[in-house]
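Please look over the sequence and the model below, and then follow the report strand by strand.

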Amino acid sequence: MKQIFSLLLLTLMATVAGGAHAEKADSEKPTNVEADQMLYDDVKQVNTFIGNVVLTRGTLVMHANKLIVSQDPAGYQHATLLAPPGGLATFRQKRDAGPNQWVEGQAERIEYDGKTEMVKLFSKAKMRRLEGTKPTDEVEGEFISYDSRAEFFTVNNTPSGENKPGGGRIKAVIQPRTESKEK
């Protein structure tokens, strides 16, 4: 029963991780997690999935080497996705913005806070929107913070927002919008 409850907790995390524009139908889909190993600490309310972790829920797909989900005493969940050595943790989800619209992100570490509905991408962070496979907009930096309630994100070269020597620069690509015009 506790394992099923933990998977339901992942459902909440998965919905927000894809962003506020994520496909609404995904919230009605079951969450499936595959991994090489699962550890559950009932006392600490921590569920850990290790090795080739793949979380799917409708159109949402997340990949990581390790996924840790904890619950605070108030019932809010916090999830951390960790990349494999030398790799990146990733997510991809269809958006409600129109047909074949997607959002995806990657970083060495991705954190989700269920209480604040914040998604944070740490180290080698990148988020982008796509039309099919064609990127429309993308941002990258060492740290991306995304507030799904306000639909607002920030990109910095450090989590504190302060400049760090050698921290790199922020990069953004914003494609021109092309809309069909009826004559």
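Strand S4 (residues 60–71) and strand S6 run antiparallel, and 3 bridges join them. One contact point has names: valine 61 has arginine 92 in S6 as its bridge partner. This is a predicted model, so treat each value below as computed from a prediction.

**The overall plan**

The protein has 1 helix and 12 strands. Along the sequence, the pattern reads α-β-β-β-β-β-β-β-β-β-β-β-β. The chain holds 183 residues, and 39% of them count as buried. Now take the contacts with a separation of 6 or more: 46% of these come from residues 24 or more positions apart. The surface can be summed up too. About 10,600 Å² of the protein is exposed, and carbon and sulfur atoms supply 52% of that area.

**Strand S7 and its partners**

Go back to S6, which covers residues 89–94. S6 also pairs with S7, in the antiparallel sense, through 6 bridges. The hairpin of S6 and S7 has 6 residues between the strands. Within this hairpin, glycine 98 takes a positive phi near 155°.

S7 has another partner. Strand S9 (residues 118–131) pairs with S7 over 6 bridges, again antiparallel. Here tryptophan 102 stands opposite leucine 130 in S9.

Why is S7 described as largely enclosed by the rest of the structure? The reason is a count: 6 of the 7 residues of S7 are buried, so the strand is largely enclosed.

**A close look at alanine 107**

Alanine 107 belongs to strand S7, which spans residues 101–107. Is alanine 107 buried or exposed? Its relative accessibility is 0%; buried means under 20%, so alanine 107 counts as buried.

Which residues does alanine 107 touch, leaving aside neighbours within four places in sequence? The contacts are Ala83, Leu88, Ala89, Leu121, Phe122, Ser123, Lys124 and Ala125. One of these, alanine 89, is also the bridge partner of alanine 107. Leucine 82 sits 25 residues away along the chain from alanine 107, yet their C-alpha atoms are separated by 8.4 Å.

**Positive phi outside glycine**

Serine 123, one of the contacts of alanine 107, has a positive phi although it is not a glycine. The value is near 65°. Serine 123 is placed in strand S9. Its relative accessible area is 22%, so serine 123 is partly exposed.

Glutamine 45 is another residue that is not a glycine but has a positive phi, of about 60°. Where does glutamine 45 lie? It is found in the loop between strand S2 (37–41) and strand S3 (46–57).

**Rings: a pair and two charges**

The count of aromatic pairs comes to 1. Phenylalanine 122 and phenylalanine 143 form the pair, which is tilted. Their centres are 5.0 Å apart, with 55° between the planes. Phenylalanine 122 lies in strand S9 and phenylalanine 143 in strand S10 (residues 134–147), so the pair ties together parts that are 21 residues apart in sequence.

Both rings belong to buried residues. Phenylalanine 122 counts as buried at 12% relative accessibility. Phenylalanine 143 is buried as well, with a relative accessible area of 4%.

Two arginines lie over ring faces. The table lists them.

| Arginine | Ring below it | Distance from the ring centre |
|---|---|---|
| Arginine 92 | Tryptophan 102 | 4.2 Å |
| Arginine 109 | Phenylalanine 122 | 3.8 Å |

These names link back to earlier parts of the report. Arginine 92 is the bridge partner of valine 61, and it also lies over the face of tryptophan 102. Tryptophan 102 in turn stands opposite leucine 130 in S9. Phenylalanine 122 appears several times: it is in contact with alanine 107, it pairs with phenylalanine 143, and arginine 109 lies over its face.

Conventions
Residues numbered from 1 in each chain as written. Predicted model: local features only at pLDDT ≥ 70, side-chain atom pairs only at ≥ 80, totals over all residues. Heavy atoms only, no water. Helix = DSSP H or I, 4+ residues; strand = E, 2+ residues; numbered from the N terminus. Buried < 20%, exposed > 50% of the residue type's maximum accessible area, 1.4 Å probe, protein only. Contact = heavy atoms within 4.5 Å. Pairing = 2+ DSSP bridges. Areas by Shrake-Rupley, 256 points an atom, 1.4 Å probe, with all protein chains shown as cover. Phe/Tyr/Trp six-rings, centres within 6.5 Å; stacked < 30°, edge-to-face > 60°. Lys NZ or Arg CZ within 6 Å of the ring centre and 35° of its normal.
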